[in-house]
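Here's a quick tour for anyone meeting this structure for the first time. Take a look at the sequence and the 3D view, then read on.

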Amino acid sequence: MKRSLDDIQKRARAADSVIIVGAGKRGRELSKYLANDDLISMEAFFDNNAQLSGSHIENMKVMSPHKLEKENCVYIIAVDALNLRRELRVQLQELGIPDEEVIAYYHNRDYDYFSSLDERYYADELQDMYYECFGKEINWERPISYNEKINWEKLNVKDERRTRLSDKYLVREWVKEQIGEQYLTKLYGVWEDANDIDFTLLPEAFALKVNNGSGRNIIVKNKKEMDDDAVRRQLNEWMQYNFAFASLELHYRDIVPKIVCEEYLEGMAESVYDYNIYCFHGEPEFIWCIKGSHRPECRASFYTKDWVMQPFSYGYPKDPVLAPRPEKLDEMLELSRILSKDFEHVRVDWYNLPDGRVLFGEMTFSSWSGLMHFVPEKYDLIFGSFIDRVDQSDS
């Protein structure tokens, strides 16, 4: 715990009224603990989930956040997610509640915590993260929405192919076997230690990445301007980080870390779209067209196979500008059918470069780790219906 229960208890005893902000697992856990102390006056839960408003949890009423017309109150924010704690603190400030009346209680859910966590508690942690994101619990027995099913799969699907195909190095061999080497970016080298890289043997421009996670890339446009030692340190640091313990995407856990060097694709982030194709049971259903991937101004829209823009978004803000239909869309769709044919669901990512090449990007089994909102939310259910797991076929 970031703030010890002893500190919380002392502060709560000194207050005339105690409000727990957040009626999720962490809040309920705290209320049970404090309720055993007769010197503490428990007032209510505050929660932004309208469906909980007016109900009772642990014998306390759940209410929408507001400033109590009482003196000497303490408001305890009891959620683990850093972004939610920040949002709730700002909300309380806007309600006129001074900072000195607000404290926080949470698990420091970081890499050290997850990497040392007993597997018996994985389901509880996934449940907590899901609740903090969506304000409701995962139905483990009969998950319905896309995000529910992704989290169910993170815990329950044991398929070594997911590990192999999430490995940004080993997946290259899979793609070569299935559709041919011409769809792969040029490979300049692979290493298990950044200190073994001889940069003099590499071209002037290239891309470095580690194979066991997401978003850990170094783009070198001119190696004469590169700080070799800094690059080595960064790569070796990333190599020590097991991406599975970011949000319990467990298919990453057994990837043997490596450094991969591939060709630099000129103008990729500035002018080339990512075409991420959501496939279900071997059939593409939607193309997620992303402009400026991994950049602050990134925008994205979903399209049908007939290139009709859809009225929803997922994670990235919706791009209102109609993107040009990619020249090789039909080819990308057919290749996605081949690569996804053995899976209930997988996202296959492509680039259609200005020089006419179609290049494979990656295969992703848990987009956004199943912890991002669809807007509107009903598309969470629509995407979930496409997965339609076999063990739920009688539902």
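Which element gives the largest share of the lining of the second largest pocket? That's α3, with 7 residues. Before going further, bear in mind that this is a predicted model.

## The second largest pocket

This pocket holds about 920 Å³ of space. Its lining takes in 39 residues, and those closest to the centre are Ala 81, Asn 83, Leu 84, Glu 132 and Cys 133. If you want to find the spot in the viewer, start from those five names.

Four elements each give two or more residues to the lining: α2, α3 (82-94), α5 and α10 (244-247). Sorted by class, the lining of the second largest pocket comes out as 18 nonpolar, 11 polar and 10 charged residues.

## A closed cavity

Now for the enclosed space. With a threshold of 30 Å³ or more, the count is 1 cavity. The largest cavity has a volume of about 30 Å³. Around the largest cavity sit Gly 24, Lys 25, Arg 28, Gln 127, Asp 128, Tyr 131 and Glu 137.

Two elements, α2 (25-35) and α5, give two or more residues each to that lining. Helix α5 gives the most, with 3 residues. As for class, the lining of the largest cavity has 4 charged residues, 2 polar ones and 1 nonpolar one.

## How α5 meets α6

Helix α5 turns up again here, this time with a helix partner. Helix α5 covers residues 122-134 and helix α6 covers residues 146-156; their axes come within 10 Å and cross at roughly 160 degrees. An angle over 145 degrees counts as roughly antiparallel, so α5 is roughly antiparallel to α6. The crossing of these two helices, α5 and α6, is right-handed.

Which residues of α5 and α6 make the contact? On the α5 side they are Tyr 122, Ala 123, Leu 126, Tyr 130 and Phe 134, and on the α6 side Asn 147, Glu 148, Asn 151, Lys 154 and Leu 155. By class, this α5 and α6 contact splits into 6 nonpolar, 2 polar and 2 charged residues.

## How α6 meets α13

Helix α6 also packs against helix α13 (residues 378-387), at an angle of about 50 degrees and with the axes 7 Å apart. That angle is why α6 and α13 are oblique to each other.

From α6, the contact uses Tyr 146, Asn 147, Lys 149 and Glu 153, while α13 brings in Asp 380, Phe 383, Gly 384 and Ile 387. Asn 147 is worth picking out in the viewer: this residue is listed in the contact of α6 with α5 and in the contact of α6 with α13. The residues where α6 and α13 touch divide into 3 nonpolar, 2 polar and 3 charged.

## How α1 meets α2

Finally, go to helix α1 (residues 5-13). The axes of α1 and α2 come within 11 Å, crossing at roughly 60 degrees. The crossing of α1 and α2 is right-handed.

What does α1 bring to its meeting with α2? The α1 residues are Leu 5, Asp 6, Ile 8, Gln 9 and Ala 12, and they meet Leu 30, Tyr 33 and Leu 34 in α2. Sorted by class, the contact of α1 with α2 has 6 nonpolar residues, 1 polar and 1 charged.

How values were computed: Residues are numbered from 1 along each chain as its sequence is written. This is a predicted model: local features need pLDDT of at least 70, side-chain atom pairs count only at pLDDT 80 or more; totals for chains, interfaces and linings use all residues. Side-chain values use heavy atoms; hydrogens and water are left out. Axes are lines fitted to C-alpha atoms, for helices over the stretch in contact, and angles run from 0 to 180 degrees between N-to-C directions. Angles under 35 degrees count as roughly parallel, over 145 as roughly antiparallel, 65 to 115 as roughly perpendicular and the rest as oblique. A crossing is left-handed if the near helix is turned anticlockwise from the far one by less than a right angle, and right-handed if clockwise. Contact means heavy atoms within 4.5 Å. Ala, Val, Leu, Ile, Met, Phe, Trp, Tyr, Cys and Pro count as nonpolar, Asp, Glu, Lys and Arg as charged, and the others, Gly among them, as polar. On a 1 Å grid over the protein atoms alone, a cavity is a set of points where a 1.4 Å probe fits but cannot get out, and a pocket is an open set with protein on both sides within 12 Å along at least five of seven lines; lining residues have an atom within 4 Å of a point. Grid points are joined across faces, edges and corners, and a volume is the space filled by probe spheres set on the points.
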